[in-house]
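User: I am new to this structure and would like to understand the reasoning behind the terms used to describe it. Please set each value against its cut-off.

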Amino acid sequence: MIQKEELHNVIVVGAQWGDEGKAKVVDMLAEQADVVIRSQGGCNAGHTVKFNGETFKFHHLPSGLLYPEKWCIIGSGVVIAPEVLKKELEDIHAKGYSTENLKISERCHVTLPYHIEQDKRQELLRTANAPESKIGTTGRGIGPTYMDKVGRIGIRAGDLLEPPEVLRKQIQRIISEKGFFEQASLPYLLDVCEAYKAILAPYITDTVALLQDALAQNKRLLFEGAQGTLLDVDFGTYPYVTSSNSTAGGACTGTGVGPSKIDATLGVMKAYLTRVGEGPFPTEQSNEVGEILGERGQEFGTTTGRKRRTGWFDGVVARYGVEVNGLDGIALTKLDVLDTFAEIKIATHYQHIHTHEAYHRFPASLSVLADLEPVYETLEGWQSDTTQITQYEDLPPACKAYLKRLEEVSHCPVWMVSVGPERQQTMMRKNVFNPTVAV
Ligand code: GDP
Ligand code: IMO
Ligand code: MG
């Protein structure tokens, strides 16, 4: 329960399968924050912000970057692909934005060319051996980079700044353990590291110290999650997940800010559901409804351009997200995508196809999940344009009824409603940094 009058440190986390509209929400809230921080994932993330008629697609960069005075931090839990970051920096500079306030943790692990190779090779093997075991990764080397981090044979951004003989020794040790990779020759890797150092060096710093100083100065920290709860390596639909903790806890482990410093956690949910890549998706609509959702929602991946799978809002997924993230509020996005439907469905729980037993919680076992089917409630659609509405009270009654039911099913209040990609297409029901003050 939120008690403090003014909140300083807020986590924004994806509460479904990613692409919930986290960047839009972060961009909105960043106006009131001092520091915007990414804490996990890497360039598998594709975060879109629409501002002043321009579209920005961020992969590593925090979505606070469009405010020149905010600090933007890439925390220690993020993995960095320097070549992708370089392109991202060039793009944002070309649009006239500065990255002077960008800081990258010296503890971030770096994706090397062989990580990308390994990611692609593993996907090919999975496809060849058993097509259903393919994960549908983004091919950005995310899994292998995290594997080497945990295996203690990774290279961190700060390692690139070590004296050449220190880095050489580290690479030699890595090669001795990873010798089977043809690309991992010492001269080649030294060259790669040199090139990566040139890209990263201007930004590398001790972000733990920076964040602790910011906390001491009572600055407002806004944590920008990547991916989503059901893609979390511990809580997602394993093995169809990413390789980091994309739930709220990742904001702490990936930055060095302790859990007691967090004041609120906001979960971003779409008013329906999408998933990109393989893996279970109980409320998926592989039919005309799914086509309409995909078309109206323009559901194509920001990073890979792949068509996203679509389905109805799933209350079991929502409650699970509320629980494992400890959500205080929901930021509900893409409500406008439902504007044309005569009827809208919400799954309230699952039912076993043989025993008819009711399941109210999301199971860990995918074979159990495969035997469950969603039980839907059908709500009346509002069939009118919501994209120009700026006050919650002005939403059509059927739309408000949908939101009310969604709150009940999710066990969490909706704090923010988004009806379009632009900043002004947002209704605030709570002042996130100051919940006791009316909006
Ligand atoms: P993220 O990865 O969670 O930041 O989300 P993405 O950027 O991958 O995907 C969300 C997409 O939906 C982006 O193209 C946004 O511009 C767009 N978007 C965000 N909020 C809304 C909304 O309320 N309505 C509509 N129609 N589009 C939205
Ligand atoms: P944002 O931050 C949606 C999915 C991939 C694949 C699985 C594993 O934009 O919400 P990986 O390359 O991470 O090993 O792929 O995770 N995935 C995402 N899906 N949004 C994302 O990020 C994703 N990042 C990874 O499609 O199914
Ligand atoms: Mg995305």
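User: What makes the approach of Lys22 to ligand 1 a polar contact?

Analyst: In this predicted model, a polar backbone atom of Lys22 lies 2.8 Å from an oxygen atom of ligand 1. A polar contact requires a pair of N or O atoms within 3.5 Å, so this pair qualifies. A polar backbone atom of Gly21 is likewise 2.8 Å from an oxygen atom of ligand 1, and for Ala23 a backbone N or O atom lies 3.0 Å from an oxygen atom of the ligand.

User: How much of ligand 1 does the protein bury, and which elements contribute to the shell?

Analyst: Ligand 1 taken alone exposes 580 Å², of which the protein buries 91%. Two elements, α1 (22-30) and β3 (47-51), each give two or more residues to the shell. The largest share, 3 residues, comes from α1.

User: Which residues come nearest to ligand 1, and how is the shell divided by class?

Analyst: Of the 18 residues around the ligand, Lys22, Gly46, Thr48, Asp336 and Ser418 come nearest. By class, the shell holds 3 nonpolar, 8 polar and 7 charged residues.

User: Why are Asp19 and Gly46 called donors of the magnesium ion?

Analyst: The OD of Asp19 and the O of Gly46 lie 2.0 to 2.2 Å from the magnesium ion, which is ligand 3. The cut-off for this metal is 2.8 Å, so both atoms count as donors. Asp19 is in the loop between β1 (9-14) and α1, and Gly46 is in the loop between β2 (35-38) and β3, so the pair ties together parts that are 27 residues apart in sequence.

User: Why is Gly46 called buried, and what is Asp19 called?

Analyst: Gly46 has a relative accessible area of 10%, and buried means under 20%, so the term applies. Asp19, at 21%, is not under 20% and not over 50%, so it counts as partly exposed. Asp19 also belongs to a network of salt bridges that links it with Lys270, Glu299, Arg308 and Lys334.

User: How do you know that Arg405 and Glu377 form a salt bridge?

Analyst: The N to O distance between their side chains is 2.6 Å. The limit for a salt bridge is 4 Å, so the pair meets it. Arg405 lies in helix α12 (residues 397-410) and Glu377 in strand β18 (residues 372-380), so the pair ties together parts that are 28 residues apart in sequence. Both are partly exposed, Arg405 at 24% and Glu377 at 27%.

User: What makes the pairing of Arg405 with Glu408 a salt bridge, and where do the two residues lie?

Analyst: Their closest N and O atoms are 2.7 Å apart, which is within 4 Å, so this is a salt bridge. Both residues lie in helix α12, 3 residues apart, about one turn of the helix. Glu408 has a relative accessibility of 37%, which falls between 20% and 50%, so it counts as partly exposed.

User: Why are Asp159 and Arg156 given two separate exposure terms?

Analyst: Asp159 has 7% relative accessibility, under the 20% cut-off, so it counts as buried. Arg156, at 35%, falls between 20% and 50% and is therefore partly exposed. Their side chains meet in a salt bridge with an N to O distance of 3.5 Å. A search of the whole structure finds 20 salt bridges.

Definitions and conventions
Residues are numbered from 1 along each chain as its sequence is written. Chains are lettered from A and ligands numbered from 1 in the order in which they are written. This is a predicted model: local features need pLDDT of at least 70, side-chain atom pairs count only at pLDDT 80 or more; totals for chains, interfaces and linings use all residues. Side-chain values use heavy atoms; hydrogens and water are left out. A residue is near a molecule or strand if one of its heavy atoms lies within 4 Å of it. A polar contact is a pair of N or O atoms within 3.5 Å; within protein, one must be able to donate a hydrogen and the other to accept it, and residues adjacent in sequence count only if both atoms are side-chain atoms. Accessible areas come from the Shrake-Rupley method with a 1.4 Å probe; for residues, only the protein chains shown count as cover. Helices (H or I, at least four residues) and strands (E, at least two) are DSSP runs, numbered from the N terminus. Ala, Val, Leu, Ile, Met, Phe, Trp, Tyr, Cys and Pro count as nonpolar, Asp, Glu, Lys and Arg as charged, and the others, Gly among them, as polar. Buried means under 20% relative accessible area, exposed over 50%, partly exposed in between (1.4 Å probe, protein chains only). Donors are N, O and S atoms within 2.8 Å of the metal (3.2 Å for Na, K and Ca); water is not among the atoms, so sites may look incomplete.
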